[in-house]
Amino acid sequence: MLVVISAGAVVVGHTWIEPTWAGFPIPSVDGGGGLFWQVQSTFLAVGFASLAVAAQLFAETPLAIGASRSRVLSYIGARGFLAVGLAANGLIAVEAVWSPSNLGVVVVALWFCATVWLLISSTTKLMDLFGRPSLLDVVVTETLTVGIAARLKDSAARYERANRDVEGLFADEGSALTAEIRGSVSMRVRAPDNRLVLKAVKSIFVRRAMSVLVRARQGGGGSEESSHTFVPPRIHFDLTLGERVRDGQHAFRVESAFALDEESEERVKTFLVESLVFEPEGTVTAVEESLRDVSSLRDTIGSSVRSGSFATAERALEILGTALRGVWVAAPANRDAFQTAPSPTEDLLRAAGDVEQDVILSPRVANIFVDGAMRRAVEAGRTGSIRYVEECLLSFTRIWWDLLRYGDESFEAVRSRIITCVVNIAGYVYSSNDKSDRQAYVARAIWASVQLVKLAIDAKNVLAAQRAAEALGALFEYREGEEARARVRAGQLVLSSWMSYLASTNDGRGLDAPELRASLKPGGTRSQILDARAMAGRDESPFNRWQWWELNDTGSMRAQTMQMSGHVDSETVDALVAASGPLPDADDSETASSYRRFIDLLKQSGDKLNPAQEHLLGLLEKRFDGWERAEDVLLSEAPISEARVKSIREALRDALDGEPRLAEYIPRQSVPVNEDGEPAVDVSLPILGLNLLVPRIFVVEEVFKQTYADPTYFGQALATGFRDGEDRRIAEHLRQLSSAPRRLTVAAIRDAIASVDEDEAKHHVLFKPFGGMGNLGEWYDEELRMLLGRVTVIETAVLQDEAFFFDPRTTLLSCREPEQKADLHPVPGTTIALGVFEDAKSEGEPTVRIETGERFVIWRGERPKVTSFRNSAEVTRE
């Protein structure tokens, strides 16, 4: 717009107006416009020469990144100079050739001044950058940090908006599965093999696929077993928005409690594939572009250290570390958005860690990488991210491991320096003013020291392991009562256990180094050693947990025996034997559990205990017995939980409903009475009952003795007892009603069933022992299996060598109802009453009494029809 206005002023001045100054005409100089044109072109050429100087900077290491080049040009104002200079040059040419005038000279003079000012400014900034490499590094670092963070933020926000469109359509991976869908039919849908970036998912197509699944279910495709329950199908989404799709990658998983027909399955796949929307071909993801920027620096570092350009490598390494820290700090502000896109910070850190592979080129190169790791670790605490602290400390362990495996004696000083750096980081973090995450940072630094010792042991480098162990033992040596020192002892316990494990398993990494083992023994009192063991057992070792040390990295699926925890306990016992001071009381279940393990370890030695071990064993048993007695007192005073008693009732009902129950097939009615009002049948033993003495821990809400007791365990036991009691009483009456038993054979049972009309057979019951009878080959004969399908077969444990085939409708009658007694309450859905009583007297563990009762009276029916089978001499000849 300004160029157009200026051009208009030139034309107007040439045609109509001559400017005046205080009433006098401004004198003009012939050819003035052309003069300005020549001078303007000269300055413009100088500006282009300055840009050529800037282009020479682009060959420097930090400017290998395209974003940094753009930032340098922006910093010196190159774009503004080029725009104004070229516009001014064109405007001056127009004035000089076609529209010369005094006013035109004034206008082009203003544009000429602007060009000169921008040229001076750009050249000054460029020379400043050219002469001050540190300023160039600041500009490049800021560019890289802001550029990557902004790129990732914009990408995550963009795909987060796309993710909202399908929110709620896909199944949550953490949601619980119902029993019906746990054994469901699963179908996988592959994404197109186009290697494009996934942009969005069209919700309308996903809903269409879901409607096809639902309509297929309503059309009768379900199995017979689950047809009474509708279980909604589930669609899982296995891709990530903003991620490039790999060849052969699955996009969806469909789970359904029923099988789809071929047409419905094809429609579901079609709809789901059509729901995927991809970015245009050639699109690069934010993570890929950021990795390219980081890779440029990484490659430059590698080429610089190989060519001996160590100063350049140090600059690039510092820029890389500063940029990664800036990106990590920016990431938490968009944590929710990043969850729907690929994890950028993890990928960037992984790529940056590759530069450390050149550490073994020379001790000087190794020192460069150690310096970089130290800078990042010291500054890591300012990020507020424990994860970033772990990643920075991992640099030390990676460099340490490479030097142990591939470095010769010339790297000995570098190894010693790594030990010093890690120890200094622990002390530096501990003394920092920020107390919020101090203990977490200290824990990471201590466990990094532990990792140094462990890796040295694995590399069979006794000298390096000894130095690292001595440095670890000296950490916080004069801060005995604090958590940091307890962590040091925990690390020593784990490391001595590791050496014991390697020796016991004949591992090739084992070391015969008595001095090293002695330096890894944790000192202190018994209380401090127990605190260290508790610290080691809390699974707080940050980035390489000691519970994983014994795992072998193999491709097989063979299970391994885990032994490290037992070795840690053994080393703790040895340390307790050698330590002094009182043994703390077992005030909590965690301590009591540890004492129980220590007691078992000592008792495994049998008569081989020395006096010190016997003394410790006595102390442990005394403390553990005291804890058990205190727990028993608390348990006896704990109130019975109605919720747990209800769980027992429900478990009893479910167990009774879970299997066929013969008593349910016998018609029920009230007990008949005679004219005198007395029972007309035998009611001498009307009650079936069970009394169980069970530990009180099963019926209280709190957890005692570190034991969770599931009250539903008794449901099956009570149900089995009542089922057997009912079966036994029914069997006694059936024996009385059968006068001529047959021999128990498969043929006899087949004939008995075949003699009954098929319509009547469905009302008959074959009451038999568990399993087959007679010749097993005959018992599983196809003809017999078909006959057995006509009748109801009920198996029981109360019968042996006999069976009954009868019609329960006319053979027996019964009266079943819950027992009427104080504090016995009917179990809903059953004919049993249940109550929990505290009148049980027992020595030792507190107990309660579970009483159950059922009034079960049975008598002869109107037309008994019973065929009995028995393996005895008194049978009817066939």
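The following exchange asks how labels on this predicted model follow from computed values.

Visitor: Why is arginine 306 said to form a salt bridge with aspartate 358?

Guide: The rule asks for a side-chain nitrogen of Lys or Arg within 4 Å of a carboxyl oxygen of Asp or Glu. The closest N and O atoms of arginine 306 and aspartate 358 are 2.6 Å apart, so the pair meets the 4 Å cut-off. The pair links distant parts of the chain, 52 residues apart. Arginine 306 sits in helix α10 (residues 286–307), and aspartate 358 in the loop between α13 (344–353) and α14 (363–380).

Visitor: Which label does each partner get, buried or exposed?

Guide: Exposed means over 50% relative accessible area, and buried means under 20%. Arginine 306 has 57%, so arginine 306 is exposed. Aspartate 358 has 11%, so aspartate 358 is buried.

Visitor: What makes arginine 405 and aspartate 402 a salt bridge?

Guide: Their N to O distance is 3.0 Å, so the 4 Å limit is met. Both residues lie in helix α15 (residues 386–406). They are three residues apart, about one turn of the helix.

Visitor: Why is arginine 405 called partly exposed?

Guide: Its relative accessibility is 40%. That value falls between the 20% and 50% cut-offs, so arginine 405 is partly exposed. Aspartate 402 is at 15%, under 20%, and therefore counts as buried.

Visitor: How do you know that arginine 696 and glutamate 838 meet in a salt bridge?

Guide: N to O, the distance is 2.7 Å, so the pair passes the 4 Å test. Arginine 696 lies in the loop between β8 and α26 (713–737), and glutamate 838 in the loop between β15 (833–837) and β16 (847–860), so the salt bridge ties together parts that are 142 residues apart in sequence. Arginine 696 is at 5% relative accessibility, so arginine 696 is buried.

Visitor: How many salt bridges does the rule give?

Guide: The count is 38. Some are joined in a network, which links Arg661, Glu664, Glu726, Arg816 and Glu854.

Visitor: Where is glutamate 664, and why is it called partly exposed?

Guide: Glutamate 664 is in the loop between α25 (642–658) and β8 (687–695). Its relative accessible area is 46%, between 20% and 50%, so glutamate 664 is partly exposed. Its C-alpha atom is separated by 9.8 Å from that of proline 808, 144 residues away along the chain.

Visitor: Why is β16 described as largely enclosed by the rest of the structure?

Guide: Because twelve of its 14 residues are buried.

Visitor: What makes β8 and β16 a pair?

Guide: Two strands pair if at least two bridges are found between them. β8 and β16 have nine, in the antiparallel sense, so they pair. One partnership sets leucine 692 against isoleucine 850.

Visitor: Which other strands pair with β16?

Guide: Strand β13 (residues 812–818) pairs with β16 over seven antiparallel bridges. There, serine 814 partners isoleucine 858. β15 joins β16 through five bridges, also antiparallel. Valine 836 has isoleucine 850 as its bridge partner.

Visitor: How do you know that β5 and β6 pair?

Guide: Strand β5 (residues 234–237) and β6 share four bridges in the antiparallel sense. At least two are needed, so they pair. Histidine 236 has arginine 253 of β6 as its bridge partner. Strand β6 (residues 250–256) is mostly covered, with six of its seven residues buried.

Visitor: Why are β9 and β11 called edge strands?

Guide: The open sheet has five strands, in the order β9-β17-β12-β10-β11, with mixed pairing. β9 (742–743) and β11 (792–796) each pair on one side only. Within the sheet, five bridges join strand β12 (residues 802–806) to strand β17 (residues 866–870), running antiparallel. Phenylalanine 806 stands opposite valine 866 there.

Visitor: What makes glutamate 263 eligible for a surface patch?

Guide: Patch residues need over 30% relative accessible area and no salt bridge. Glutamate 263 has 59%, so the area condition is met. Asp261, Glu262, Glu263 and Glu266 gather in a patch of negative charge. Glutamate 263 belongs to helix α9 (residues 262–274).

Visitor: Which residues form the nonpolar patch?

Guide: Trp548, Leu551 and Met562, with about 320 Å² of accessible area together. Leucine 551 is at 38%, so the 30% threshold is passed. Its place is in the loop between α21 (526–536) and α22 (564–578).

Notes:
Residues are numbered from 1 along each chain as its sequence is written. This is a predicted model: local features need pLDDT of at least 70, side-chain atom pairs count only at pLDDT 80 or more; totals for chains, interfaces and linings use all residues. Side-chain values use heavy atoms; hydrogens and water are left out. Patches are made of residues with over 30% relative accessible area and no salt bridge: like charges are joined within 9 Å, nonpolar side chains (Val, Leu, Ile, Met, Phe, Trp, Tyr) within 5 Å. Accessible areas come from the Shrake-Rupley method with a 1.4 Å probe; for residues, only the protein chains shown count as cover. Lys and Arg count as positive and Asp and Glu as negative; His and the chain ends are not counted. The place of a charge is taken as NZ of Lys, CZ of Arg, CG of Asp or CD of Glu. Buried means under 20% relative accessible area, exposed over 50%, partly exposed in between (1.4 Å probe, protein chains only).
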